[in-house]
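Please work through the exercises below with the sequence and the model side by side, trying each task before reading its solution.

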Amino acid sequence: MVKQTRRQFIASAAASVSLFALGRSYGSTPEYESKRNTMTKDLSESESQYLETIMLNDVELRHLRRCVELATEALNAGDEPFGSVLVSANGTVLVEDRNHVVTSGDRTRHPELKIALWAAANMSPEERAKATVFTSGEHCPMCAAAHGWTGLGRIVYVSSSRQLAAWLAELGVPPSPVRPLPIHEIVPDLMVEGPVPGLAEQVHDLHRRFYSSRGFPKPAAAK
Ligand SMILES: [Zn+2]
């Protein structure tokens with residue numbers, strides 16, 4: 001199969017899954033999962049990443065771009081570059097937040113935790129289950145647990161915890177006191193999508209800038 005045809009095949013698979021997805025409300029269903037798995041089972045890693053990107057519709061990509069903007073705002077304020085948005089089943093943006101850990105001096109001030117706490121206080125269990133959290137970086141274990149306990153629905157992230165851990169290791173940043181476990185290690189049955197190539201590079205750049213302002217990589221480590 002020539003490359004062009006293969007790409008076309010993936011595009012038509014994505015269109016098929018997306019059309020199917022139009023019939024679902026946000027949140028996972030066994031039928032949707034099974035359809036996705038059938039479509040992605042024979043694809044290489046880069047092909048399935050490509051498929052994921054084109055399966056996200058324009059509105060979802062707009063929410064993810066907003067998360068990157070919020071992460072940039074955090075960076076410009078001196079905080080770690082993370083941003084998140086909570087979107088209801090009917091597409092309304094309910095809460096936006098960015099990281100505040102440096103400026104507040106409180107290392108739990110993650111946007112995903114604020115969203116989970118807001119959802120617990122302001123939404124019914126049904127509304128929470130059908131909502132989607134878009135975020136620039138995959139939830140840390142603290143935020144994933146809060147998300148899981150609150151019963152929130154799908155998560156779509158730009159860059160994964162694994163990517164972040166690799167980026168920080170490359171810059172010589174000491175490991176965080178909390179292990180960077182993937183969301184599925186904390187909340188196994190949640191519908192989680194990401195990373196999103198292209199946008200993830202932008203997030204990588206924000207982290208480079210954040211740590212560069214703090215002297216990473218250290219001159220001794222940078223050969
Ligand atoms: Zn967190």
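The exercises that follow go from the sheet to the metal site, and then to the helices and the cis peptide bonds.

This is a predicted model, in which local features need pLDDT of at least 70 and side-chain atom pairs count only at pLDDT 80 or more, while totals for chains, interfaces and linings use all residues. Residues are numbered from 1 along each chain as its sequence is written, and side-chain values use heavy atoms, with hydrogens and water left out.

**Exercise 1. The sheet**

Determine the order of the strands in the open sheet, and name its edge strands.

Solution. Begin with the terms: helices (H or I, at least four residues) and strands (E, at least two) are DSSP runs numbered from the N terminus, and two strands pair if DSSP finds at least two bridges between them. Reading across the open sheet, the five strands come in the order β2-β1-β3-β4-β5, and their pairing is mixed. The edge strands are then β2 (93-98) and β5 (192-193), each of which pairs on one side only.

**Exercise 2. The surroundings of β1**

Find the bridge partners of S84 in β2 and in β3, and decide whether the residues of β1 are buried or exposed.

Solution. Take the β2 side first: five bridges join β1 (residues 83-87) to β2, and the two strands run antiparallel. On this side S84 is partnered by D97, and V87 by V93. The two strands form a hairpin with five residues between them, and G91 in the turn has a positive phi of about 95°. Next, four bridges join β1 to β3, again antiparallel, and here the partner of S84 is T135. Finally, with buried meaning under 20% relative accessible area, exposed over 50% and partly exposed in between (1.4 Å probe, protein chains only), five of the five residues of β1 are buried. G83, V85 and V87 lie on one side and S84 and L86 on the other, so that both faces are covered.

**Exercise 3. The zinc ion**

Identify the protein donors of the zinc ion and locate them along the chain.

Solution. Donors are N, O and S atoms within 2.8 Å of the metal (3.2 Å for Na, K and Ca), and water is not among the atoms, so sites may look incomplete. By this criterion the protein donors are H110 (ND1), C140 (SG) and C143 (SG), which lie 2.1 to 2.3 Å from the ion. Their spacing along the chain is H-x29-C-x2-C. H110 sits in the loop between α5 (101-104) and α6 (111-122), whereas C143 belongs to helix α8 (residues 141-150), 33 residues apart. Both H110 and C143 are buried. Other buried residues of α8 include A144, A146 and H147, and just after this helix G151 takes a positive phi of about 75°.

**Exercise 4. Helix packing and cis bonds**

Describe how α9 packs with α11, and find which peptide bonds before P195 and P217 are cis.

Solution. Axes are lines fitted to C-alpha atoms, for helices over the stretch in contact, and angles run from 0 to 180 degrees between N-to-C directions. Helix α9 (residues 161-171) and helix α11 (residues 199-212) pack at about 35°, with axes 11 Å apart. Taking contact as heavy atoms within 4.5 Å, residues of α9 including W167 and L171 meet residues of α11 including H204 and Y211. For the peptide bonds, G194 and P195 are joined in cis, with omega about -5°, and P195 lies in the loop between β5 and α11. F216 and P217 are also joined by a cis peptide bond, with omega about -5°, and P217 is placed in the segment after α11.
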